[in-house]
Amino acid sequence: AMSHVLAIDPGMSTGITHMEYIIGERPTITAQWQIEGGLAGLREHETGGGFDGFGATIVCERFTPRPVAFSYSLDELEPLRIEGWLTEIFWGDDIVWQDPPQRKLVRTLSETEKFLQAHNYWATGTDVGCKDANDANSATMHALAYIRNQAHRATIDMLIEYGENMTEGLV
């Protein structure tokens, strides 16, 4: 049976990736957005019918306070507002919360970006109608981390093969 994941990286610019996967095949991105404007932008997108759960597992990056930060700007706290709204609209569904470092699929974040590029999961600003697609790509990383954590063999094999190639200097 096909499984679905809707992964969200919330903020003033929110990345959203919908992926589907089935046993034995690589996951595929079926929809992707990067929505500017924080919570207001997301709500506007949602009322336009552009945002629903697709019956998917909802995965969301959780805001993590930095221990060295003495104060935050309002923009930096926008993920907390979005988390509250998501908890409301997906009430009754379990949201799978991930900490920011969980999006690292291989050794480092920059290697994870190269992994996305090598497997045609990388989005550009043009793809999502923004100056860059950093948040959409972050959402894709969170989606793949969730799928890997479900012991999805095709995803694990893809990561192992990439890791071996990295070790041998092939990528």
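Which residues does glycine 11 touch, not counting residues up to four places away in sequence? Have a look at the structure while I get to that. One thing up front, everybody: this is a predicted model.

Okay, the answer. Glycine 11 touches Gly38, Glu78, Pro79 and Ile82, once you set aside residues up to four places away in sequence. Take glutamate 78 from that list. Glycine 11 and glutamate 78 are 67 residues apart in sequence, yet they sit 5.3 Å apart in space, C-alpha to C-alpha. As for where we are, glycine 11 lies in the loop between β1, residues 3-9, and β2. Is glycine 11 buried or exposed? Its relative accessibility is 7%, so glycine 11 counts as buried.

Let's zoom out for a moment. The protein has six helices and five strands. Reading from the N terminus, the elements go β-β-β-α-β-α-β-α-α-α-α. The radius of gyration is 16 Å, close to the 16 Å that the globule rule gives for 171 residues, so the protein is as compact as a globular protein of that length. If you like box dimensions, the C-alpha trace spans about 45 × 40 × 30 Å along its principal axes. Of those 171 residues, 44% count as buried. And if you take contacts between residues at least 6 apart in sequence, 64% of them join residues at least 24 apart.

Now follow the chain on from that loop into strand β2, residues 13-21, and stop at threonine 17. Threonine 17 is buried, with a relative accessible area of 0%. So what does a polar atom of its side chain lie 3.2 Å from? That would be the backbone oxygen of alanine 136. Alanine 136 also turns up among the residues that threonine 17 touches, in a list including Val5, Leu6, Ala7, Ile29 and Thr140, again leaving out residues up to four places away in sequence.

Next stop, the helices. Let's start with α6, which covers residues 153-167. It has 15 residues and reaches 21 Å from its first C-alpha to its last, close to the 21 Å expected at 1.5 Å a residue. Which residues in α6 are buried? They are Ala154, Thr155, Met158, Leu159, Tyr162 and Met166. Seen down the axis of α6, these buried residues fall within an arc of 135°, so they line one face of the helix. A bit of background helps here: an α-helix has 3.6 residues a turn, so residues three or four places apart point the same way. Try stepping through the buried residues of α6 on your screen with that in mind. What do they pack against? The buried residues of α6 pack against α3, residues 109-118, and α5, residues 134-149. After α6 comes glycine 169, whose phi is positive, near 75°.

Helix α3 is the next one to look at. Its buried residues are Glu111, Thr112, Phe115 and Leu116. Down the axis of α3, they fall within an arc of 150°, so they too line one face of their helix. On the packing side, the buried residues of α3 pack against α5 and α6. What follows α3 is asparagine 120, with a positive phi near 60°.

How many aromatic pairs does a search of the whole structure find? Two. In one of them, the rings of phenylalanine 63 and tyrosine 72 have their centres 5.6 Å apart and their planes at 65°, so the pair is edge-to-face. Phenylalanine 63 counts as buried at 17% relative accessibility, while tyrosine 72, at 24%, counts as partly exposed. The cut-off for buried is under 20%.

The other pair takes us back to our two helices. The rings of phenylalanine 115 and tyrosine 162 have their centres 5.3 Å apart and their planes at 80°, so this pair is edge-to-face as well. Phenylalanine 115 lies in helix α3 and tyrosine 162 in helix α6, so the pair ties together parts that are 47 residues apart in sequence. Phenylalanine 115 is buried at 1% relative accessibility, and tyrosine 162 is buried at 4%.

Last residue, I promise: histidine 152, in the loop between α5 and α6. With a relative accessible area of 6%, histidine 152 is buried. Its side chain reaches the backbone oxygen of isoleucine 22 at 3.0 Å. Beyond its neighbours within four places in sequence, histidine 152 is in contact with residues including Tyr21, Ile22, Ile23, Pro27 and Ile147.

That's my tour, thanks for listening!

Key. Residues numbered from 1 in each chain as written. Predicted model: local features only at pLDDT ≥ 70, side-chain atom pairs only at ≥ 80, totals over all residues. Heavy atoms only, no water. Helix = DSSP H or I, 4+ residues; strand = E, 2+ residues; numbered from the N terminus. Expected span 1.5 Å × (residues − 1). Buried < 20%, exposed > 50% of the residue type's maximum accessible area, 1.4 Å probe, protein only. Arc of directions from axis to C-beta. Contact = heavy atoms within 4.5 Å. Phe/Tyr/Trp six-rings, centres within 6.5 Å; stacked < 30°, edge-to-face > 60°. Polar contact = N/O pair within 3.5 Å; in protein donor to acceptor, adjacent residues only side chain to side chain. Rg over C-alpha atoms; globule rule 2.2 N^0.38 Å.
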